[in-house]
Amino acid sequence: MAPSPPIAAVLLDSGDVLMRPLGDGWWPRPALGEVLTEHGRELPGPAHVEDALAAGMAYLEANHRVADVAEEQAQFARYYEIVLDAMYGEPLPAIARELAEATVSEPYHEPFPDTKPGLNELTGLGVRLGLLSNAWPSLDGDYRLWGLRDLFDVFVISSQVGMLKPEERIYRLALDLLNVQPETVLFVDDVPEYVTAA
């Protein structure tokens, strides 16, 4: 049997691989409860919140192409109108806009303590690094804020390319940008389905 080729690149997911959420989980983002409390609104029961978030997520998945942070904020304003309408029976557009601004501008995740040392070690070995995340344009700014963005040779954000994992073409795009052969790439993701697709 022929020996495996050396690893030329590592392609990584972001959430739960390089980043962890602030708070109890990824959704709802931390600002939701805070902003609603400021406006005198209480979160309904967990099951009702879960249904409302699912309705909003269906909208995000059906309208995933977002070019920049301004479009992202507008998209999340509509997302929160859908969520708030499902929760309270009205879209509450002013609150939705405030939540959208917080979603884009306020941190909702942070790097794991070993993220930067691990990435530095890989780059020190001469390995090319790529990020492939089902996410939105503001993720790029977050990585710049943490001093991590320049460690990546390739940065593929699903909304900006109009594709989502586990679609085959988003993996092929990342490979083309990395300019390496698939068998020389290590792919790391926390979702088994995405790993299988890769």
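## Overall build

The protein exposes about 10,300 Å² of surface, and carbon and sulfur atoms supply 52% of that area. The model is predicted. Its C-alpha atoms fill a box of roughly 65 × 30 × 30 Å along the principal axes.

The protein contains 9 helices and 6 strands. Of its 198 residues, 42% are buried. Among contacts with a separation of 6 or more, 69% join residues that are 24 or more positions apart in the protein.

## Helix α4

Helix α4 covers residues 93–105, 13 residues in total. From its first C-alpha to its last, α4 reaches 18 Å, close to the 18 Å expected at 1.5 Å a residue.

The buried residues of α4 are I95, A96, L99, A100, A102, T103 and V104. These buried residues pack against three other helices: α1 (31–38), α3 (69–88) and α6 (138–145).

## The largest pocket

The largest pocket has a volume of about 580 Å³. Its lining is made up of 24 residues. Those nearest the centre of the pocket are W27, S133, N134, A135 and W136.

Helix α2, residues 46–62, gives the most to this lining, with 3 residues. By residue type, the lining of the largest pocket holds 11 nonpolar, 7 polar and 6 charged residues.

## The second largest pocket

The second largest pocket has a volume of about 220 Å³. The residues that line the second largest pocket are L11, E168, Y171, R172, L175, P182, V185, F187, A197 and A198. They divide into 8 nonpolar and 2 charged residues, with no polar ones. The charged pair is E168 and R172, because Glu and Arg count as charged.

Two elements, α8 (168–178) and β6 (185–188), each supply at least two residues of this lining. Helix α8 gives the most, with 4 residues. The lining residues that fall within the span of α8 are E168, Y171, R172 and L175. Within the span of β6, the lining residues are V185 and F187.

## The two linings side by side

What kinds of residue line each pocket? The lining of the largest pocket includes 7 polar residues, whereas that of the second largest pocket has no polar residues. Charged residues number 6 in the lining of the largest pocket and 2 in that of the second. For nonpolar residues, the counts are 11 for the largest pocket and 8 for the second largest.

Note on methods
Residues are numbered from 1 along each chain as its sequence is written. This is a predicted model: local features need pLDDT of at least 70, side-chain atom pairs count only at pLDDT 80 or more; totals for chains, interfaces and linings use all residues. Side-chain values use heavy atoms; hydrogens and water are left out. On a 1 Å grid over the protein atoms alone, a cavity is a set of points where a 1.4 Å probe fits but cannot get out, and a pocket is an open set with protein on both sides within 12 Å along at least five of seven lines; lining residues have an atom within 4 Å of a point. Grid points are joined across faces, edges and corners, and a volume is the space filled by probe spheres set on the points. The expected span of a helix is 1.5 Å times one less than its number of residues. Buried means under 20% relative accessible area, exposed over 50%, partly exposed in between (1.4 Å probe, protein chains only). Contact means heavy atoms within 4.5 Å. Accessible areas come from the Shrake-Rupley method with a 1.4 Å probe; for residues, only the protein chains shown count as cover.
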